[in-house]
Amino acid sequence: KLSHSDVNVIMLKEDGNKAFQAGDYSTAITWYSKALDLDPTNHVLLSNRSACYCKQKDYVNALKDAEQCVQFQPKFARGYCRKGAALLRLGERQEAMQTYRMGLTLEPSNATMRAALEALESESTTTSFLDASSL
């Protein structure tokens with residue numbers, strides 16, 4: 001049975017998801033943050049908020065959330081995808097490559113991480129690839 005707190009987290013996450021899909025990343029961050037106040041180790045919320053920060057080009061906070069995400073759930077491949085994207089945008093290419101490789105060991109079919117890693121390895125990263133909308 002879900003507790004009152006669990007139901008609130010689910011509702012806040014859904015509100016965050018709606019705002020994200022509408023492109024309202026600031027509002028989505030607010031909803032995800034409220035949900036994280038109730039469930040601070042929720043890796044999915046951290047991943048989602050990381051994506052919002054990335055969309056806003058706030059790569060430092062995107063990285064912080066992604067790092068917490070993989071700390072709390074080391075088997076969640078999307079967390080590595082988020083972390084790799086933030087690292088790449090912060091200019092940490094080697095660490096981004098290592099992060100994508102770790103994520104691909106968990107989810108070898110992840111096309112986003114595979115494409116990012118291949119682009120990094122070939123040193124031919126394009127601007128369209130760096131567009132956060134590809135995440």
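Modeller: This is a predicted model, and in describing it I call a residue buried when its relative accessible area is under 20%, exposed when it is over 50%, and partly exposed in between.

Biologist: Why, then, does V7 count as partly exposed?

Modeller: The relative accessibility of V7 is 33%, and since buried requires a value under 20% and exposed a value over 50%, V7 falls in between. This residue lies in helix α1, which covers residues 4-21.

Biologist: What makes the nonpolar surface patch to which V7 belongs?

Modeller: The patch, of about 340 Å², is made by L2, V7, I10 and M11. A patch residue must have over 30% relative accessible area, and V7, with its 33%, passes that cut-off.

Biologist: How do you know that the rings of F20 and Y25 form a pair, and what kind of pair are they?

Modeller: Rings pair if their centres lie within 6.5 Å, and by this rule the count comes to one aromatic pair. The centres of the F20 and Y25 rings are 5.3 Å apart and their planes stand at 65 degrees, so the pair is edge-to-face, because that name applies to planes over 60 degrees apart. F20 itself is partly exposed, since its relative accessible area of 23% is neither under 20% nor over 50%.

Biologist: What makes the contact between D65 and R49 a salt bridge?

Modeller: The side-chain nitrogen of Lys or Arg has to come within 4 Å of a carboxyl oxygen of Asp or Glu, and here the closest N and O atoms are 2.6 Å apart, so the condition is met. This pair links distant parts of the chain, with D65 in helix α4 (residues 59-72) and R49 in helix α3 (residues 43-55), 16 residues apart.

Biologist: Are D65 and R49 buried or exposed?

Modeller: D65 has a relative accessible area of 4% and R49 has a relative accessibility of 14%; with the cut-off for buried at under 20%, D65 counts as buried, and R49 does too.

Biologist: The structure holds two salt bridges, so how do you know that E121 and R101 form one?

Modeller: The closest N and O atoms of E121 and R101 are 3.1 Å apart, which is within the 4 Å that a salt bridge allows. Here again the pair links distant parts of the chain, as E121 is in helix α7 (residues 111-121) and R101 in helix α6 (residues 93-106), 20 residues apart. E121, at 45%, is partly exposed, and R101, at 37%, counts as partly exposed as well, because these values lie between the 20% and 50% cut-offs.

Biologist: Why is α5 called largely enclosed by the rest of the structure?

Modeller: Twelve of the 13 residues of α5 are buried, so the helix is largely enclosed; among them are Y80, C81, L87 and L88.

Biologist: How do you know that the span of α5 agrees with its number of residues?

Modeller: The expected span is 1.5 Å times one less than the number of residues, so the 13 residues of α5 (residues 77-89) should span 18 Å, and with end C-alpha atoms 19 Å apart the helix agrees with that. The helix is followed by G91, whose phi is positive, near 85 degrees.

Biologist: What makes up the largest nonpolar core, and which residues have the most contacts inside it?

Modeller: Such a core is a set of buried residues of certain nonpolar kinds joined through side-chain atoms within 4.5 Å, and the largest one has 34 residues, with L45, A96, Y100, M113 and L120 having the most contacts inside it. The elements that give two or more residues to this core are α1, α2 (25-38), α3, α4, α5, α6 and α7, and the largest share, seven residues, comes from α5. In soluble globular proteins, nonpolar side chains tend to be buried together.

Biologist: Why does K57 count as exposed?

Modeller: The relative accessibility of K57 is 61%, and because exposed begins over 50%, the term applies. K57 has its place in the loop between α3 and α4, and its phi is near 65 degrees, a positive value in a residue other than glycine.

Definitions and conventions: Residues are numbered from 1 along each chain as its sequence is written. This is a predicted model: local features need pLDDT of at least 70, side-chain atom pairs count only at pLDDT 80 or more; totals for chains, interfaces and linings use all residues. Side-chain values use heavy atoms; hydrogens and water are left out. Patches are made of residues with over 30% relative accessible area and no salt bridge: like charges are joined within 9 Å, nonpolar side chains (Val, Leu, Ile, Met, Phe, Trp, Tyr) within 5 Å. Accessible areas come from the Shrake-Rupley method with a 1.4 Å probe; for residues, only the protein chains shown count as cover. Helices (H or I, at least four residues) and strands (E, at least two) are DSSP runs, numbered from the N terminus. Buried means under 20% relative accessible area, exposed over 50%, partly exposed in between (1.4 Å probe, protein chains only). Rings of Phe, Tyr and Trp (its six-membered ring) pair if their centres lie within 6.5 Å; planes under 30 degrees apart count as stacked, over 60 as edge-to-face and the rest as tilted.
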